[in-house]
Amino acid sequence: MADGDAEIGTTSAQTAGTRQHHHRPEWACRAARIAADYRSKDVVVLDLTAVTPVVDYYVIATGTSPRQMQALAEEISRVFKAEGDGRRGIEGHDSGSTWILIDFGDIVVQLQSAEARELYDLESLWADAVKVGIGPGSICTTRVVAGVGV
């Protein structure tokens, strides 16, 4: 292979030496662990790789207040950015919003109030997705990200 040629299956960002965390369940799990650490409720990771080409992992968490959801969104964004994986967009981050959506490309994090979660019922919308466990012994506690267990 000549210099500058990429192997089949690699992205231009990978060949340029930048980190690519997408397509890895560990990063969805990391967002879920942060949500749990920030006292979110009913945290779920959905593996959508076999369902849609648009997004690989969808993290859903119920927030306890708009302020808690804003703080959580900021922390998840900070952690991902520190690892070279900045967000592509954020919606609903307005003061008092009942939901916040953070788009990292192949990972989407949806933070919702209990009322919004019941109304939108995203788990039913993505009923064909595989739920990734986040409790003890699950993929989210047995994998390691950047040398730190998640």
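How many salt bridges does a search of the whole structure find? I ran the search and it returned four. The model is a predicted one, and I kept that in mind for the entries below.

**Entry: confidence**

I looked up the pLDDT before going further. The chain has a mean pLDDT of 80, and 76% of its residues reach 70 or more. I noted that residues 1-22 have pLDDT below 50, although this stretch has 20 contacts in the model beyond near neighbours in sequence. Residues 142-150 also have pLDDT below 50, with 18 contacts counted in that way. I do not interpret those contacts, because predicted coordinates should not be read in detail where pLDDT is low.

**Entry: the sheet**

I then traced the strands. Six of them form an open sheet in the order β3-β4-β5-β2-β1-β6, and the pairing is mixed. Which strands are at the edges? I find β3 (89-91) and β6 (130-132) there, each pairing on one side only. On average, neighbouring strands of this sheet are turned by 20° against each other, direction ignored.

At the β3 edge I checked the pairing with strand β4, residues 99-103. The two run antiparallel and are joined by three bridges. I looked up E91 and found that its bridge partner in β4 is L101. Helix α2 packs on the sheet, where I list β1 (41-47), β2 (57-62), β5 and β6 as the strands it touches. The direction of α2 makes about 5° with that of β2.

**Entry: bridges within helices**

I went back to the salt bridges. In the pair D37 and R33, the closest N and O atoms are 3.6 Å apart. Both residues are in helix α2 (residues 25-37), and because they are four residues apart, about one helical turn separates them. D37 is exposed at 56% relative accessibility, whereas R33 is partly exposed at 26%.

The second pair I looked up is E75 and R78, with 2.7 Å between the closest N and O atoms. These two are three residues apart in helix α3 (residues 66-82), so they are also separated by about one helical turn. Is E75 buried or exposed? I read a relative accessibility of 18% for E75, which counts as buried because the cut-off is under 20%. Its partner R78 is partly exposed at 47%.

**Entry: a bridge in a network**

Next I took E123 and K131, whose side chains meet in a salt bridge with an N to O distance of 3.2 Å. E123 is partly exposed, with a relative accessible area of 23%. K131 counts as exposed at 55%. Which residues does the network join? I find R117, E123 and K131 joined into one network by salt bridges that share partners.

**Entry: Q112**

Last, I looked up Q112, which lies in strand β5 (residues 107-112). Q112 is buried, with a relative accessibility of 1%. I listed its contacts, leaving aside neighbours within four places in sequence. They are I60, A61, T62, G63, M69, T98, W99, R117, Y120 and L122. R117 is therefore a contact of Q112 as well as a member of the salt-bridge network with E123 and K131.

How values were computed. Residues are numbered from 1 along each chain as its sequence is written. Side-chain values use heavy atoms; hydrogens and water are left out. Buried means under 20% relative accessible area, exposed over 50%, partly exposed in between (1.4 Å probe, protein chains only). Contact means heavy atoms within 4.5 Å. pLDDT is the predictor's confidence in each residue, from 0 to 100. Two strands pair if DSSP finds at least two bridges between them. Axes are lines fitted to C-alpha atoms, for helices over the stretch in contact, and angles run from 0 to 180 degrees between N-to-C directions.
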